[in-house]
Amino acid sequence: MNKTDNQIKKTGLGAKASKRLGNTVIYIILSVITVIWLFPFFGILLESFRVERPDQVNYLIPKDFGFDNYIKLYKETDFFKWFINTGIMGICTAIFQTLFILMMSYALSRLRFKGRKFLMNFMLVLGMFPGFLTMILIYKVFYELGLTMEMAPVGLIIVYCASSAMGYYVSKGFFDTIPKSLDEAARVDGATRFQVFYKVIMPLSKPIIIYTILMGFMAPWGDFMLASYLIHENSAGMNVAVGMYKWVSKTNLNTHYTMFCAAGVLVAIPVTIVFLCLQKYYVEGVTGGAVKG
């Protein structure tokens, strides 16, 4: 083996060692960030099982463990009513938003009609305005229709879905990546526009469909501002965000803190399960739709 071969071998080993060292440093940094990020959630989980005191304390590990806080949620509060309301809103919103967004995205991706560019630009500009600007008008209209207080979940579903088609951007980008020759071949074979959409495009669009469903389902779980405005302290129509907010007020925090932590754990379970099961399609939907259309 000559000198040149020795240099090449040393250089190769050095590159592998450097790469291994770099990966190790990255993994350590990511592990530290993960621990820091998960620590508050771990603390909430421990607090939810603390039974010796219902208020905030200056220690993390409970002295007595139990399910008292979860039992109190069921027997002494309307939490599970709020949970059901939020679940219904999440499921209905996910279904209707997905239908509206996918139909709008398909039309803007595949069809060419007069005013198409103007419509896309108009929805883009309109979407820049924050939704709370219309809260007074929404409340006035829904109050006249009887969709506030205990009927607020129905009103919130309407609000969540009414303008959802304006969020077509990611879905349209995904549809743009599907060759239009498939549409043309199906049309030549006698398929209608709806059949092309349902039987050709939809089977190829599983990632973006699941991404849209996931986004539609998660939105109602975290909504507080609009929900509190329509619900107006009516327990029968509350979602979990509005109901739990009452427990962290100055008057209730000392008696409801551990129940608040228990409720937070239960609220996080459905979203976590859904996200973990659909994470693969979530990433594919975002990356597949991130194209210029």
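## A loop residue with an unusual backbone angle

Let's start with M149, which counts as partly exposed because its relative accessibility is 25%, a value between the 20% limit for buried and the 50% limit for exposed. Keep in mind as you look that this is a predicted model. M149 sits in the loop between α5 (135-145) and α6 (152-162).

The backbone of M149 deserves a look too: its phi is positive, about 55°, although the residue is not a glycine. For background, most residues other than glycine have a negative phi.

## Helix α2 and its two sides

Now find helix α2, which covers residues 68-76 and has N69, Y70 and L73 among its residues that are buried. These three span an arc of only 105° around the axis, so they lie on the same side of α2. Turn to the other side of α2 and you will meet K75 and E76, which are exposed.

A general rule is handy when you look at patterns like this: an α-helix has 3.6 residues a turn, so residues three or four places apart point the same way.

## Where α3 meets α9

Helix α3 (residues 79-110) and helix α9 (residues 193-201) have axes that come within 12 Å and cross at roughly 110°. The two helices are therefore roughly perpendicular to each other. On the α3 side, the contact is made by L102, M103, Y106 and R110, while α9 brings R193, V196, F197 and I201. Sorted by character, the residues of this contact are six nonpolar, two charged and no polar.

Helix α3 also holds S105. With a relative accessibility of 0%, S105 counts as buried. Setting aside neighbours within four places in sequence, you can find S105 in contact with Y168, S171, K172 and F175.

## A glycine in helix α1

Next comes G22, a residue of helix α1 (residues 3-48). G22 counts as partly exposed because its relative accessibility is 28%. To get a feeling for distances in the model, trace from G22 to E184: they are 162 residues apart along the chain, and their C-alpha atoms are separated by 50 Å.

## Helix α10 from end to end

Finally, take a look at helix α10, which has 17 residues, 206-222. From its first C-alpha to its last, α10 reaches 25 Å, close to the 24 Å expected at 1.5 Å a residue. Which residues of α10 are buried? They are P207, I208, I209, I210, Y211, T212, L214, G216, F217, P220 and W221.

Key. Residues are numbered from 1 along each chain as its sequence is written. This is a predicted model: local features need pLDDT of at least 70, side-chain atom pairs count only at pLDDT 80 or more; totals for chains, interfaces and linings use all residues. Side-chain values use heavy atoms; hydrogens and water are left out. Helices (H or I, at least four residues) and strands (E, at least two) are DSSP runs, numbered from the N terminus. The expected span of a helix is 1.5 Å times one less than its number of residues. Buried means under 20% relative accessible area, exposed over 50%, partly exposed in between (1.4 Å probe, protein chains only). Axes are lines fitted to C-alpha atoms, for helices over the stretch in contact, and angles run from 0 to 180 degrees between N-to-C directions. Angles under 35 degrees count as roughly parallel, over 145 as roughly antiparallel, 65 to 115 as roughly perpendicular and the rest as oblique. Contact means heavy atoms within 4.5 Å. Ala, Val, Leu, Ile, Met, Phe, Trp, Tyr, Cys and Pro count as nonpolar, Asp, Glu, Lys and Arg as charged, and the others, Gly among them, as polar. The arc is that of the directions from the helix axis to the C-beta atoms.
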